[in-house]
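Trainee: I would like to learn how to read a structure of this kind, feature by feature. Could we look at it together and begin with its pockets?

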Amino acid sequence: MKKIQMVDLKGQYAEIKKEVNDSIQEVLETTAFVNGPKVHEFQENLEKYLGVKHVIPCANGTDALQIAMMGLGLKPGDEVITADFTFAATVEVIALLNLTPVLVDVDPDNFNIDIEAIKKAITPKTKAIVPVHLFGQCANMEAIMQIAKEHNLYVIEDNAQAIGAKYTNSKGEKVMSGTIGDVASTSFFPSKNLGCYGDGGAIFTNNDDLAHIIRGIVNHGMYKRYHHDVVGVNSRLDSIQAAVLNAKLPHLDIYNNKRRDAARAYTKALQNHPNIITPKTVNNCDYVCDTCDCHVFHQYTLKIKNADRDALVQHLQNKNIPCGVYYPIPLHKQKAYLDSRYNEANFTVTNQLVKEVISLPMHTELEPDQIAFITKTIIDFLDNN
Ligand SMILES: *Cc1c(COP(=O)(O)O)cnc(C)c1O
């Protein structure tokens, strides 16, 4: 059995080495390192893939979120509602822009932002909701868009973990994640489902005016050379990263299918164990079926019940099985984001999840013997402790 890794970028690269190398070589030959043709080519390819009018590439997923909020004209003091259970980038940019983060609880079954909690958190100062499509599936976007419409709020999708996932609405229509709200952000960090070989990110929108504003913001607030109309930033996707992404984008659906295959194998082996709760989907579809496209399993995350999660983590590490706890501390308890207005009674789910979750190795190169070893090791440990 090959050594088990949390993410296997080397194995994935080996499969597409020629495409990636050729694409990078083209950039080297043209020396168009910044804003070169590769960046525009990638932008157009991603617009086509997503079926979205505008993709604006930028330097990373955190910038993408920040620029989206700047583009919407959010002002200091505006309240922005987001999930308490996510990577810190989401709340960080809200705070950086002097907006007021309002963290809310999540759904215990699918880990995404809780709809009733959003409703309870709305005040006259609320201006936007940032659903994070956590671990690879969309939040309940239909309900979120309805709330946004009723209260005149913007919706910014943090799509860093769910690129390629489809959201099925109640009419049975399918839409790509990141194309539903006013604007969306994504990250091409190497370990993401569509990762480059450095940092990268993008903003998506169907709104022409907003796209124009954002194109200026990423480039120092310039709409005409050396005319700075608004305060902007310098946030670019470099051409070599675009070259890698251009080579990888045609494989994204295959990659996501491989992740789902691994998820299915994990779930089949683990679903009947009394101490394990396997991942659930937002629309309660059975991703164990062959036609699922709603979950792209950026992470495969179990909940461990009535057993010592931390001892399991230690045991897996002892057996050379990497795993992760995403996330070990709720954002509302992080020093940087403490706020006396938060009431612990409103965070019962996140406070519980941080004690129960464990994410297993998940990537495109997982092999059946590795999955069998991982699941057997978990079950043996739980049965004997
Ligand atoms: C990775 C990630 C980001 C940040 O992306 P970077 O490219 O690392 O800046 C933001 N939000 C979520 C949910 C992420 O997983």
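Trainee: How do the residues of the lining of the second largest pocket divide into nonpolar, polar and charged?

Mentor: Please keep in mind throughout that this is a predicted model. To read a lining, one sorts its residues by class, and here the lining of the second largest pocket has ten nonpolar, three polar and seven charged residues. The space in this pocket comes to about 400 Å³, and among the 20 residues that line it, V102, L103, V104, A121 and N346 are the closest to its centre.

Trainee: Which elements each supply at least two residues of that lining?

Mentor: Strand 3 and helix 5 (115–121) each supply at least two residues of the lining of the second largest pocket. Looking at the domains instead, one finds that domain 1 (9–250) and domain 2 (252–383) each contribute at least three residues to this lining.

Trainee: What is the volume of the largest pocket, and which residues lie nearest its centre?

Mentor: The largest pocket has a volume of about 510 Å³. Its lining consists of 27 residues, and those nearest the centre are F87, Q161, F189, K192 and H298. By class, this lining holds 13 nonpolar, ten polar and four charged residues.

Trainee: Which helix gives the most to the lining of the largest pocket?

Mentor: Helix 3 gives the most, with three residues, and both helix 3 (61–71) and helix 4 (89–96) supply at least two residues each.

Trainee: Where does the largest pocket lie with respect to domain 1 and domain 2?

Mentor: The way to place a pocket is to ask which domains its lining residues belong to. Domain 1 (9–250) and domain 2 (252–383) both give residues to the lining of the largest pocket, so this pocket lies between them.

Trainee: How many residues does the contact take from domain 1 and from domain 2?

Mentor: The domain assignment divides the protein into domain 1 (9–250) and domain 2 (252–383), whose centres, taken over C-alpha atoms, are separated by 24 Å. The contact takes 51 residues from domain 1 and 37 residues from domain 2.

Trainee: Let us turn to the sheets. In what order do the seven strands of the open sheet stand?

Mentor: One reads a sheet by going from strand to neighbouring strand, and for this open sheet the order is 1-9-8-5-4-2-3, with mixed pairing. Strand 1 (54–58) and strand 3 (100–104) are the edge strands, each of them pairing on one side only, and from one strand to the next the twist averages 25 degrees.

Trainee: In which sense do strand 8 and strand 9 pair?

Mentor: Strand 8 (residues 183–187) and strand 9 (residues 201–205) pair in the antiparallel sense, over four bridges, and within this pairing T186 stands opposite A202 in strand 9.

Trainee: Which strands does helix 6 touch, and which does helix 7 lie across?

Mentor: Helix 6 (residues 141–151) packs on the sheet and touches strand 4 (126–130) and strand 5 (154–158), its direction making about 150 degrees with that of strand 5. Helix 7 (residues 208–217), for its part, lies across strand 1, strand 8 and strand 9, and runs at about 15 degrees to strand 1.

Trainee: Why is one side of strand 12 and of strand 14 left without a neighbour in the sheet?

Mentor: These strands belong to an open sheet of three strands in the order 12-13-14, with antiparallel pairing. Strand 12 (276–277) and strand 14 (357–360) stand at its edges and have a single partner strand each, so one side of each is left without a neighbour in the sheet. Strand 13 (residues 300–304) pairs with strand 14 over four bridges, where K303 stands opposite V357 in strand 14. Helix 9 (residues 252–270) lies across strand 12, strand 13 and strand 14, at about 20 degrees to strand 13.

Trainee: Finally, how many cavities of 30 Å³ or more does the structure hold?

Mentor: The structure holds three such cavities of 30 Å³ or more. The largest cavity has about 60 Å³ of space, and the residues lining it include D8, Q12, K192 and R259. The second largest cavity has a volume of about 50 Å³, with Q137, Y167 and C294 among the residues that line it.

Methods: Residues are numbered from 1 along each chain as its sequence is written. This is a predicted model: local features need pLDDT of at least 70, side-chain atom pairs count only at pLDDT 80 or more; totals for chains, interfaces and linings use all residues. Side-chain values use heavy atoms; hydrogens and water are left out. Two strands pair if DSSP finds at least two bridges between them. Axes are lines fitted to C-alpha atoms, for helices over the stretch in contact, and angles run from 0 to 180 degrees between N-to-C directions. Contact means heavy atoms within 4.5 Å. On a 1 Å grid over the protein atoms alone, a cavity is a set of points where a 1.4 Å probe fits but cannot get out, and a pocket is an open set with protein on both sides within 12 Å along at least five of seven lines; lining residues have an atom within 4 Å of a point. Grid points are joined across faces, edges and corners, and a volume is the space filled by probe spheres set on the points. Ala, Val, Leu, Ile, Met, Phe, Trp, Tyr, Cys and Pro count as nonpolar, Asp, Glu, Lys and Arg as charged, and the others, Gly among them, as polar. Domain bounds come from an automatic or database domain assignment.
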